[in-house]
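Colleague: I should like to go through this model with you. Could we begin with the overall fold and then turn to individual side chains?

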Amino acid sequence: MILKLKFVLVFIVLIFSIYYINTLNRETLIKNELNEALKVLQTNFDITLNHNTIDVNAMDYLFKRNPKIIDIMSKATTANEEQRAKLRKNSLQLSIYKI
């Protein structure tokens, strides 16, 4: 009887220890996966931010260098499609290879 009780106690302790180890391991795996996902998202954000900064700086430099583009852009807000096509062509001619 005492031997059976010892086996049952050892079995119960073993079951609880395996459950604890699995729970701890699962939480560690989840944390590692989330950290990796956050690293990837941060890298993507940094790349996008860098590209947007480059674009903004290029447009800022272009507008400061050539005020005609600002005039063309302001005219484009009230222009019809035909006028916008002409304004687009003019703005592209002013901006190509000027940066």
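Colleague: How many helices and strands are there in the protein?

Modeller: This is a predicted model. The protein has three helices and zero strands. Read from the N terminus, the order of elements is α-α-α.

Colleague: And where do the helices sit in the sequence?

Modeller: Helix α1 covers residues 2-65, helix α2 covers residues 68-76, and helix α3 covers residues 81-95.

Colleague: What is the radius of gyration, set against a compact globule of 99 residues?

Modeller: The protein has a radius of gyration of 33 Å, whereas a compact globule of 99 residues would be near 13 Å. The C-alpha trace spans about 100 × 25 × 15 Å along its principal axes.

Colleague: What share of the residues is buried?

Modeller: Buried residues account for 9% of the 99 residues. The accessible surface amounts to about 9100 Å², and carbon and sulfur atoms contribute 66% of that area.

Colleague: Which residues form a nonpolar patch on the surface?

Modeller: The patch consists of Val8, Phe11, Ile12, Ile15 and Phe16, which together have about 500 Å² of accessible area. Two of its members, Ile12 and Phe16, are placed in helix α1.

Colleague: Why does Phe16 count as exposed, and how does Ile12 rank?

Modeller: Phe16 counts as exposed because its relative accessibility is 57%, and the cut-off for that class is over 50%. Ile12 has a relative accessible area of 38%, so Ile12 is partly exposed.

Colleague: Changing topic to charges: how many positive and negative side chains are there?

Modeller: There are 14 positive and 9 negative side chains. The centres of the two sets lie 1 Å apart.

Colleague: How many salt bridges does the structure hold?

Modeller: The structure holds four salt bridges. As a general point, side chains of opposite charge can pair when their charged atoms come close. One of the four joins Asp60 and Lys64, at 3.2 Å from N to O.

Colleague: Why are Asp60 and Lys64 separated by about one helical turn?

Modeller: Asp60 and Lys64 are four residues apart in helix α1, so about one helical turn separates them. Asp60 is partly exposed, with a relative accessible area of 36%, whereas Lys64 counts as exposed at 64% relative accessibility.

Colleague: How far apart are Lys64 and Phe16, in sequence and in space?

Modeller: Phe16 and Lys64 are 48 residues apart in sequence. In space, the separation is 71 Å from C-alpha to C-alpha.

Colleague: Which side chain meets Asp71 in a salt bridge?

Modeller: Asp71 meets Lys75, with an N to O distance of 3.4 Å. Both residues lie in helix α2, four residues apart, which is about one turn of the helix. Asp71 counts as partly exposed at 37% relative accessibility, and Lys75 counts as partly exposed at 45%.

Colleague: What about Glu81: with which residue does Glu81 form a salt bridge?

Modeller: Glu81 forms a salt bridge with Arg84, and their closest N and O atoms are 3.9 Å apart. That distance falls within the 4 Å limit for a salt bridge. Glu81 and Arg84 both lie in helix α3, three residues apart, or about one turn of the helix.

Colleague: Are Glu81 and Arg84 exposed or partly exposed?

Modeller: Glu81 counts as exposed, at 59% relative accessibility. Arg84 is partly exposed, with a relative accessible area of 31%.

Definitions and conventions. Residues are numbered from 1 along each chain as its sequence is written. This is a predicted model: local features need pLDDT of at least 70, side-chain atom pairs count only at pLDDT 80 or more; totals for chains, interfaces and linings use all residues. Side-chain values use heavy atoms; hydrogens and water are left out. Patches are made of residues with over 30% relative accessible area and no salt bridge: like charges are joined within 9 Å, nonpolar side chains (Val, Leu, Ile, Met, Phe, Trp, Tyr) within 5 Å. Accessible areas come from the Shrake-Rupley method with a 1.4 Å probe; for residues, only the protein chains shown count as cover. Buried means under 20% relative accessible area, exposed over 50%, partly exposed in between (1.4 Å probe, protein chains only). The radius of gyration is taken over C-alpha atoms; the globule rule is 2.2 Å times the number of residues to the power 0.38. Lys and Arg count as positive and Asp and Glu as negative; His and the chain ends are not counted. The place of a charge is taken as NZ of Lys, CZ of Arg, CG of Asp or CD of Glu.
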